[in-house]
Amino acid sequence: IFSIFRILPEMPDRIAILFELNTTFRQIFTDGRKLPDNPAPSYMGYSTARWDGDTLVVESFGFNGKSWIDTDGRPITRQLRLTERFRRPSFGRLEIEMTFNDPGAYTKPWTVTMPYNLQPDSELLESYCEDNQFVQQLNNALARVLESAGAPEASVDRLTASMTELARTAAIARQPVVVLTN
């Protein structure tokens, strides 16, 4: 789910969104094209948009399934179809309603609405994982999943220690860490 970001709507055929987290970007095509049947898989998927009154409706497909929806570890698969509805309910406010339809990860579609305060004169800053903050969040999420599944406490402790060591090794090598679980 979005962290700090900047929307750049100045291009005639697309909108670019720059994200502070992981210093990444996303493009949303606004030139009337349809979603391709089989787009090249990517972390952000392939997105097209259309206006429905005062709401920008974005449809996305073609995710690679190698990331999570949020830092609590909610998974996605390559089957994800994401519908977002961007609207301005009042001056200085933005709401994004996101509907996740991913039969590979969830039994039915689900929707969440995220409110944002607009800060037009702010700057995006470089953002990266420092002191294994993300790994700690991931460890907490994995521990909750394992505990709810009835895993013994020793197994949870061994897994979180392994994850922390993996992150330290990756940080030294300056390589990203992607952990895939079934």
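Where does Pro-12 lie? Pro-12 sits in the loop between strand E1 (5–8) and E2, and that is one small corner of what is a predicted model. Zooming out, the protein chain has two helices and eight strands, and from the N terminus on the order is β-β-β-β-β-β-β-β-α-α. Here's a quick tour, grouped by topic.

**The chain overall**

- Of the 182 residues in the protein chain, 30% are buried.
- The protein chain exposes about 12,000 Å², and carbon and sulfur atoms supply 53% of that.
- Take the contacts in the protein chain with a separation of 6 or more: 37% of them come from residues 24 or more positions apart.

**Pro-12 and its loop**

- Pro-12 is exposed, because its relative accessible area is 79%, over the 50% cut-off.
- Pro-12 and Phe-29 are 17 residues apart in sequence, and their C-alpha atoms are 9.4 Å apart in space.

**The nonpolar core**

- As a rule, nonpolar side chains in soluble globular proteins tend to be buried together.
- In this model, the largest nonpolar core has 18 residues.
- The residues with the most contacts inside that core are Ile-28, Leu-56, Val-58, Phe-86, Ile-96 and Phe-100.
- At least two core residues come from each of strand E2 (14–19), strand E5 (55–61), strand E6 (81–87) and strand E7 (93–101).
- E7 gives the most to this core, with four residues.
- If you want to look at one core residue up close, try Leu-56: setting aside neighbours within four places in sequence, Leu-56 is in contact with Ile-15, Ala-49, Arg-50, Trp-51, Glu-84, Arg-85 and Phe-86.

**Strands E4 and E5**

- Strand E4 (residues 46–52) runs antiparallel to E5, and seven bridges join the two.
- One of the residues to look for is Ser-47, whose bridge partner in E5 is Ser-60.
- The hairpin of E4 and E5 has two residues between the strands, and Gly-53 takes a positive phi near 65° there.
- Thr-48 also has its place in strand E4.
- Thr-48 counts as buried because its relative accessibility is 8%, and the cut-off is under 20%.
- Not counting residues up to four places away in sequence, Thr-48 touches Ile-28, Phe-29, Arg-33, Lys-34, Leu-35, Val-57, Val-58 and Glu-59.

**Strand E6 and its two partners**

- E6 has two faces: Leu-82, Glu-84 and Phe-86 make up the covered one, while Arg-81, Thr-83, Arg-85 and Arg-87 make up the uncovered one.
- With E5, E6 pairs in the antiparallel sense over five bridges, and here Arg-85 in E6 is the bridge partner of Val-57.
- With E7, E6 also pairs in the antiparallel sense, over seven bridges, and Glu-84 stands opposite Met-98 in E7.
- E6 and E7 form a hairpin with five residues between them, and Gly-92 in the turn has a positive phi of about 80°.

**Aromatic rings**

- The structure holds three aromatic pairs.
- Phe-29 and Tyr-46 make a stacked pair, because their ring centres are 5.3 Å apart and their planes are at 25°, under the 30 degrees that stacking requires.
- Phe-29 lies in strand E3 (residues 24–29) and Tyr-46 in strand E4, so this pair ties together parts that are 17 residues apart in sequence.
- Phe-29 is buried, with a relative accessible area of 7%, whereas Tyr-46 is partly exposed at 21%.
- Tyr-106 and Trp-110 are edge-to-face, because their planes are at 70° with ring centres 5.6 Å apart.
- Tyr-106 is buried, with a relative accessible area of 19%, and Trp-110 is partly exposed at 24%.
- Phe-100, Tyr-106 and Trp-110 form one aromatic cluster, and Phe-100 is also among the core residues listed above.

**Charges over rings**

- Arg-33 lies over the face of Phe-29, at 3.8 Å from the ring centre. Arg-33 is also one of the residues that Thr-48 touches.
- Arg-81 has its charged end over the ring of Phe-61, 3.8 Å from the centre. Arg-81 belongs to the uncovered face of E6.

Technical notes: Residues numbered from 1 in each chain as written. Heavy atoms only, no water. Core = buried A, V, L, I, M, F, W, Y, C linked by side-chain atoms within 4.5 Å. Buried < 20%, exposed > 50% of the residue type's maximum accessible area, 1.4 Å probe, protein only. Contact = heavy atoms within 4.5 Å. Pairing = 2+ DSSP bridges. Phe/Tyr/Trp six-rings, centres within 6.5 Å; stacked < 30°, edge-to-face > 60°. Lys NZ or Arg CZ within 6 Å of the ring centre and 35° of its normal. Areas by Shrake-Rupley, 256 points an atom, 1.4 Å probe, with all protein chains shown as cover.
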